[in-house]
Amino acid sequence: METIPCSGFLSRSTFFKVIWNFPKFLFPSFLCLNLLIQIMYLFFFSIGKDQWAGLIVLSLQLWIYISVFRSRTKIRLLTEDLYRISNMLHAHTLQKKKMLKIYIWLYCLFVILGTALFEATFFSSGVVHDELRNSEIIPALLKEPFVDVLNVNDAFTILLTNWFFAILPGYYCFACNCMKQFFLRFEKKSKVLIARHDYQRIIEIYKEMNETMIEMENFLSLPIFVSVMNILAMLFWYGYTFAFLPNNNNMLGIFFSMGLVQYFVLLMMILPSAAAANQAAATAREIVLSLPGWFPKRYSIVKLLVCRSFMHKTALTLWNIYRIDKSLLISALGTLITYGILLGTLGSVKSSNNVK
């Protein structure tokens with residue numbers, strides 16, 4: 001969250017400047033407080049693996065928040081670069097602007113409704129903190145207030161994991177789709193420019209798009225890698241827990257099934273959109289590499305310009321480890337299913353041994 005610059009007489013007073021910028025520091029303060037409560041809860045009540053998994057997820061989300069916060073200037077510059085490329089390609093039609101607004105509002109509505117349904121189903125499922133009520137460490141008078149604090153913390157945890165965590169995938173999907181549309185439009189525009197023998201304009205437009213994609217890869221590849229790992233871990237946890245839920249708790253089943261749907265949507269927003277942008281970028285690069293053949297009279301000059309700037313392949317990756325393509329989604333889902341079946345089999349064997 002950012003605030004507009006404080007101006008006028010308010011900027012002369014430290015007190016008013018703190019009040020003005022208070023919303024800016026409210027969210028990170030709640031995030032750190034939520035993580036601190038989770039750590040203290042695990043320190044006093046070392047129970048279950050779910051709480052440790054929740055701590056790991058919150059730690060990853062805190063790291064993602066810090067990374068995105070440090071890159072907020074680059075995100076703003078990337079948005080400006082996308083707008084400038086849109087002007088170069090004349091891609092900002094009125095109809096597309098309206099469609100973009102509709103998509104943004106639908107996505108915000110999806111996140112808000114999903115968060116509200118998560119909150120309602122979670123607290124309707126009868127989740128209680130019996131370990132705190134039965135504790136001998138905490139005085140009897142403080143047990144109920146502590147339970148209320150934990151309930152508020154649970155509500156805020158759900159808000160964090162469903163609202164904030166959806167922001168980065170949403171922005172990344174938006175940027176990837178913009179780059180894909182720009183590369184596709186460049187493919188059509190290059191044919192017109194080749195007919196006009198305007199190779200300089202082709203190289204200028206492609207250089208702008210290529211540099212924007214490189215900048216996007218430089219500061220978003222690591223946060224997106226952590227986000228994808230987090231999404232896969234949450235998908236595995238929601239799916240595994242949902243498979244072994246008791247049949248008498250329907251609300252808890254709805255809660256975990258909603259978690260599966262939401263995190264699957266987030267995964268589908270990241271990987272397929274980045275894969276489509278990479279495919280469109282590869283097609284545009286082939287057009288640029290073929291430019292010397294279209295201008296035989298200026299073959300040497302065009303060849304020199306192309307080889308000097310565009311011989312390195314540009315692609316969106318996960319922390320420069322995995323190049324994002326369509327097969328990566330199948331591989332990730334296949335890994336989840338494989339480990340799910342493996343752990344489910346080990347769990348059933350362990351249960352049968354305990355019965356014996």
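The exercises below work through a predicted model of one protein, each with its solution.

**Exercise 1. Describe the protein as a whole: which secondary structure elements it has, what share of its residues is buried, and how far apart in sequence its contacts reach.**

Solution. Begin with the elements: the protein has 13 helices and two strands. Next, take burial: the chain has 356 residues, and 39% of them count as buried. Then look at contacts between residues separated by 6 or more positions: 77% of these join residues 24 or more positions apart. Last, consider the surface: about 21000 Å² is exposed, and carbon and sulfur atoms supply 67% of that area.

**Exercise 2. Find which residues make the nonpolar surface patch of about 550 Å², and place M40 in its helix.**

Solution. The patch is made by F22, L26, F30, L33, L36 and M40. M40 belongs to helix α2, which covers residues 22-44. To classify M40, use its relative accessibility of 42%. Buried means under 20% and exposed means over 50%. M40 lies between these limits, so it counts as partly exposed.

**Exercise 3. Compare the span of helix α4 with its expected span, then determine how its buried residues are arranged around the axis.**

Solution. Helix α4 runs over residues 72-89 and has 18 residues. From the first C-alpha to the last, α4 reaches 26 Å, close to the 26 Å expected at 1.5 Å a residue. The buried residues of α4 are I75, L78, D81, L82, I85, S86, M88 and L89. Viewed down the axis of α4, these buried residues fall within an arc of 155°, so they line one face of the helix. A general rule helps here: an α-helix has 3.6 residues a turn, so residues three or four places apart point the same way. Just after α4 comes H90, with a positive phi of about 55°.

**Exercise 4. Work out what links D81, R84 and E208, and which helices hold R84 and E208.**

Solution. Start with D81 and R84. They form a salt bridge in which the closest N and O atoms are 2.5 Å apart. Both are in helix α4, three residues apart, which means that about one helical turn separates them. D81 is buried, at a relative accessible area of 17%, whereas R84 counts as partly exposed at 37%.

Now add the second partner of R84. E208 also forms a salt bridge with R84, and here the closest N and O atoms are 2.6 Å apart. E208 lies in helix α9 (residues 199-243) and R84 in α4, so this pair ties together parts that are 124 residues apart in sequence. E208 has 18% relative accessibility and therefore counts as buried.

Put the two pairs together: D81, R84 and E208 are linked in a network of salt bridges.

**Exercise 5. Give the number of salt bridges in the model, then describe the one between R201 and E204.**

Solution. A salt bridge needs a side-chain nitrogen of Lys or Arg within 4 Å of a carboxyl oxygen of Asp or Glu. By this rule there are four salt bridges. In the pair R201 and E204, the closest N and O atoms are 3.4 Å apart. R201 and E204 are three residues apart in helix α9, so about one helical turn separates them. R201 counts as partly exposed, at 25% relative accessibility. E204 also counts as partly exposed, at 44%.

Definitions and conventions:
Residues numbered from 1 in each chain as written. Predicted model: local features only at pLDDT ≥ 70, side-chain atom pairs only at ≥ 80, totals over all residues. Heavy atoms only, no water. Helix = DSSP H or I, 4+ residues; strand = E, 2+ residues; numbered from the N terminus. Buried < 20%, exposed > 50% of the residue type's maximum accessible area, 1.4 Å probe, protein only. Contact = heavy atoms within 4.5 Å. Areas by Shrake-Rupley, 256 points an atom, 1.4 Å probe, with all protein chains shown as cover. Patch = residues over 30% accessible without salt bridge, like charges linked within 9 Å, V, L, I, M, F, W, Y side chains within 5 Å. Expected span 1.5 Å × (residues − 1). Arc of directions from axis to C-beta.
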